[in-house]
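Me: I am new to this structure and would like to understand the words people use for it. Could you walk me through them, setting each value against its rule?

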Amino acid sequence: GWEGEDSPISVKDASITHHIVDRPKLPSSYNGLPSSREYVQPQWILDCANFHFLLPCARYGIGTELPPHLSPWVNDEEEGYKPAYAEEVEKMKNGEVLEDMDEVSDENDEKEDISPTEYKKEEEEDDDDEEGEEEEDEDEEEEKKRSKKRKNAEDEEAKELAKVMMSKKASRLYGRMQHGLAQKQAKVDELHRRRKEIDSKKQSKKRKNSAE
């Protein structure tokens, strides 16, 4: 239905489960409507249709910052990159429970019950644990880089050998193909870099909120 005299369903009908509102906040005239319904922004309909999944309304509430709207025409596997929100929706479709901000609130509530001395001790222990984890992560990252470098060197050697055995025409065609692939990979690498930067900022903000 819709808001208007010609709508087959009254706006006050208690059977309405979701109410689409394209406004920054709910009008005061909506106060008299049933409280059982969800008020969501229009993008919720499009995303549910594109993902073939009934998405939670929390990310689409009125006045809420919307998640990125992802095109259904892009093949993530062919592009070599899957956006974070697509991965999040995939987890929900598989029945996985996503990390919730309520967990952070629970941690903050627990800290309020701890004495200042105990809290300081726990903070120091957490810092030591984080330092140890960071060192392990750095070692693992270095090993991955060395392994990737060796593989790249082997791949380059194999490519050069293959080019030597090609005709001039095939070599030119191969060069154009490699140029296109390199451009595509550069784009994917830049997307990963931006995503890592965003995730890092989110983690820093979360740790800051936990410490307060």
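Me: Where do R146 and E143 lie with respect to each other?
Reply: Both sit in helix α5, 3 residues apart, which is about one turn of the helix. Please keep in mind that this is a predicted model.

Me: What makes the pair R146 and E143 a salt bridge?
Reply: The closest N and O atoms of R146 and E143 are 2.9 Å apart. A salt bridge needs a side-chain nitrogen of Lys or Arg within 4 Å of a carboxyl oxygen of Asp or Glu. The pair meets that rule, so R146 and E143 form a salt bridge.

Me: How do you know that E143 also has a salt bridge with R150?
Reply: The reasoning is alike: the closest N and O atoms of E143 and R150 are 3.9 Å apart, and the cut-off is 4 Å. The contact therefore counts as a salt bridge.

Me: Why are E143, R146 and R150 called one network?
Reply: Salt bridges that share partners join these three residues. E143 takes part in the bridge with R146 and in the bridge with R150.

Me: What makes R146, E143 and R150 partly exposed?
Reply: Buried means under 20% relative accessible area and exposed means over 50%, with partly exposed in between. R146 is at 43%, E143 at 39% and R150 at 46%. Each value falls between the two limits, so these residues count as partly exposed.

Me: What can you tell me about K144 and E140?
Reply: Their side chains meet in a salt bridge, with 3.8 Å from N to O. K144 and E140 both lie in helix α5 (residues 116-164), 4 residues apart, about one turn of the helix. K144 has a relative accessible area of 49% and E140 has 45%, so both count as partly exposed. By the same 4 Å rule, the count comes to 4 salt bridges.

Me: Why is R37 called buried, and what about a salt bridge there?
Reply: R37 has a relative accessible area of 5%. Buried means under 20%, so R37 is buried. The nearest side chain of opposite charge, D13, is 6.4 Å away from R37. A salt bridge must be within 4 Å, so R37 has none.

Me: What lies around R37, then?
Reply: A polar atom of the R37 side chain lies 2.8 Å from the backbone oxygen of V11. R37 is found in the loop between β1 (18-20) and β2 (38-40). The C-alpha atoms of R37 and H18 are separated by 5.4 Å, although the two residues are 19 residues apart along the chain.

Me: Is S7 buried or exposed, and how do you know?
Reply: S7 is at 13% relative accessibility. That value is under the 20% limit, so S7 counts as buried. S7 is placed in the segment before β1, and a polar atom of its side chain lies 2.8 Å from the backbone oxygen of I9.

Me: What makes H52 worth a second look?
Reply: H52 has a positive phi of about 55° although it is not a glycine. Most residues other than glycine have a negative phi. H52 is in the loop between α1 and α2. With a relative accessible area of 70%, over the 50% limit, H52 is therefore exposed.

Me: What surrounds the largest pocket?
Reply: The lining is made of 49 residues, of which R59, A84, Y85, E88 and K202 lie nearest the centre of the pocket. About 2300 Å³ of space lies in this pocket.

Me: Which helices supply at least two residues of that lining?
Reply: They are α1 (43-51), α2 (76-79), α3 (84-93) and α6 (168-211). With 13 residues, α6 gives the most to the lining.

Me: How do the lining residues divide by type?
Reply: There are 21 nonpolar, 7 polar and 21 charged residues in the lining of the largest pocket.

Me: How is the whole chain built?
Reply: The protein chain has 6 helices and 2 strands, and from the N terminus on the elements run β-β-α-α-α-α-α-α. Of its 212 residues, 16% count as buried.

Definitions and conventions
Residues are numbered from 1 along each chain as its sequence is written. This is a predicted model: local features need pLDDT of at least 70, side-chain atom pairs count only at pLDDT 80 or more; totals for chains, interfaces and linings use all residues. Side-chain values use heavy atoms; hydrogens and water are left out. On a 1 Å grid over the protein atoms alone, a cavity is a set of points where a 1.4 Å probe fits but cannot get out, and a pocket is an open set with protein on both sides within 12 Å along at least five of seven lines; lining residues have an atom within 4 Å of a point. Grid points are joined across faces, edges and corners, and a volume is the space filled by probe spheres set on the points. Ala, Val, Leu, Ile, Met, Phe, Trp, Tyr, Cys and Pro count as nonpolar, Asp, Glu, Lys and Arg as charged, and the others, Gly among them, as polar. Buried means under 20% relative accessible area, exposed over 50%, partly exposed in between (1.4 Å probe, protein chains only). Lys and Arg count as positive and Asp and Glu as negative; His and the chain ends are not counted. A polar contact is a pair of N or O atoms within 3.5 Å; within protein, one must be able to donate a hydrogen and the other to accept it, and residues adjacent in sequence count only if both atoms are side-chain atoms.
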